[in-house]
Amino acid sequence: MKKNIQLNPLVYTGKNPELWAIANEVVDPEIPVLTVVDLGIVRDIEKEGDSITVSITPTYSGCPAMDMIATDIKKIFQQKGFADVTVKTILSPAWTTDWMSDDAKERLRQFGISPPEHTTADKNALLGKSKTVKCPRCGSMHTEMISNFGSTACKALWKCLDCKEPFDYFKCI
Amino acid sequence: MSNDQSALLRFVLRLGDNSLILGHRLSEWCSNGPFLEEDIAMSNIALDYLGQARILYTYAGKVEGKGHEEDFFAYERREHEFTNSLLTEMKTPDFAFAVARQLYYSTFAWLLATELQKSKDETLAGYAGKAIKEFTYHLRHANDWTLRLGDGTEESHTRMQKAIDDLWMYTGDLFATVESDAELVKNGIIPDVAALKSKWNEMIADVLERATLKMPDANAWQMEGSRTGRHTEHLGYIIAELQYVTRAYPGNKW
């Protein structure tokens, strides 16, 4: 796995870079090529004296990985010597795939998951119309959706009509 | 607790109970769907509702101010203390019923969340902004299935029409209000839920027409009572299953 040192420019607040770098070591339990910063799950990191507060936002309301992500974030900060760590969940602004950087999307594709193709400002994506999704294996645009719901809340199930392989598509929300 | 806080608590619990009970009913389709992808879809939607219930119950605990956490509201209240809409607790004898309920409920939830995003209550607005994205997917799923079954074979059409007709008498209860809602509406905390009905009717009529299904009679008798804790016989069985472990081993942790 490629060592990821660049902080996702779409979410990084510009403050406490050393703390963001620590958070950036935590990978998503389901998609280990992306860190929780790449995904835009980490929204803010504050330091007051010796205590650290990390604000995270859930991808989906019922995402079962959120508890594990919160535990992993706490653990990594404690390993780095910060004893007093609070992980706070915030709901607003609601998480969106627009916070995923191009670099993160490329790593997702290499992992075999087709990255979100549109921004949510594109109404067609929201209405599920005329979406073209590229096969992450052979690059063909000749694909079709099997189901809007896949192996995890954030993915849909597609298949490639050329190489005949089914694949996961990271839904635009 | 002030009157405003108790009105807010009542509304938040209504939403939380809707989410928990519908989530539970949807989870029953896991391994029982018509095919694997549908098992996964129904379980995914169930998970969204359970997640939303956790958000809403956690907030209810804060509004109530007695130190109760999310689990209290799910596991330690009795049947008549639940105020979920009657539609969410109904048993679904076949897949067409599950689709009809999803159509009725997702359309309602989508309309409500659209308005609730403007709430002056930050947590409710935040919740709605999050939930609307999930409801958009649920609604699309329900619309797709209504078209597929309604405009499918003779068998699927007949079953879908029966489900649409049989569940109709529980839809009015979705829009039920209680007296304490009025102040919340006035203060911009919640939308006027009853006012969502006409748009809901329009959206349902549009999908049913495209699915070659007949819209039930808008003036037919409607069963109500859920907002004051009066339920059908189905809720007790759900609560019994849901709360068995916490009742058998109170306070146990693992």
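In helix α3 (residues 102-111) of chain A, three residues are buried: Ala104(A), Arg107(A) and Leu108(A). Buried here means that 20 or more other C-beta atoms lie within 10 Å of a residue's own, exposed means 12 or fewer, and partly exposed is in between, with C-beta atoms placed from the backbone. The three buried residues cover an arc of only 105° around the axis, so they sit on the same side of α3(A). That arc is the one spanned by the directions from the helix axis to the C-beta atoms. On the other side of α3(A) you will find Asp102(A), Glu106(A) and Gln110(A), which are exposed.

A word on what you are looking at: this is a predicted model, in which local features need pLDDT of at least 70 and side-chain atom pairs count only at pLDDT 80 or more, while totals for chains, interfaces and linings use all residues. Residues are numbered from 1 along each chain as its sequence is written, and chains are lettered from A and ligands numbered from 1 in the order in which they are written. Helices (H or I, at least four residues) and strands (E, at least two) are DSSP runs, numbered from the N terminus.

**The sheet beside α3(A)**

What do the buried residues of α3(A) pack against? They pack against β4 (113-114) and β7 (166-170) of chain A, where contact means that the C-beta atoms of two residues, placed from the backbone, lie within 7 Å. Just after α3(A), Gly112(A) takes a positive phi of about 105°.

Both of those strands belong to an open sheet of 4 strands in chain A, in the order β4-β7-β6-β5 and with mixed pairing. Two strands count as paired if DSSP finds at least two bridges between them. The edge strands, β4 and β5 (143-147) of chain A, each pair on one side only. The pairs of this sheet are listed here.

| Strand pair | Bridges | Direction |
|---|---|---|
| β4(A) and β7(A) | 2 bridges | parallel |
| β6(A) and β7(A) | 5 bridges | antiparallel |
| β5(A) and β6(A) | 4 bridges | antiparallel |

Tyr169(A) in β7(A) is a handy residue to find in the viewer: it is the bridge partner of Ser114(A), and also that of Ala156(A). Farther along the sheet order, Ser147(A) stands opposite Leu157(A) in β6(A). Because 4 of its 5 residues are buried, β7(A) is largely enclosed by the rest of the structure. The hairpin of β6(A) and β7(A) has 5 residues between the strands, and in it Lys164(A) takes a positive phi near 70°.

**The other sheet of chain A**

Chain A also has an open sheet of 3 strands, ordered β1-β2-β3, with mixed pairing. β1 (42-48) and β3 (84-89) of chain A are at the edges with a single partner strand each, so one side of each is left without a neighbour in the sheet. The twist averages 15° from one strand to the next. β1(A) pairs with strand β2 (residues 51-56) of chain A in the antiparallel sense over 6 bridges, and Glu46(A) stands opposite Thr53(A) in β2(A). Helix α2 (residues 65-79) of chain A lies across β2 and β3 of chain A, running at about 155° to β3(A). Such angles run from 0 to 180 degrees between N-to-C directions, and axes are lines fitted to C-alpha atoms, for helices over the stretch in contact.

**Where chain A meets chain B**

How many residues of chain A are in contact with chain B? There are 17, and they contact 22 residues of chain B. The side of chain A that touches chain B has 10 nonpolar, 7 polar and no charged residues. In this count Ala, Val, Leu, Ile, Met, Phe, Trp, Tyr, Cys and Pro are nonpolar, Asp, Glu, Lys and Arg are charged, and the others, Gly among them, are polar.

**Two spots in chain B**

Asp165(B) is found in helix α7 (residues 154-168) of chain B. Asp165(B) is partly exposed because 16 other C-beta atoms lie within 10 Å. Its C-alpha atom is separated by 9.8 Å from that of Phe97(B), 68 residues apart along the chain.

Gly188(B) lies in the loop between α8 (181-186) and α9 (197-210) of chain B. With 11 C-beta neighbours inside 10 Å, Gly188(B) counts as exposed. Not counting residues up to four places away in sequence, Gly188(B) touches Ser119(B) and Lys120(B).
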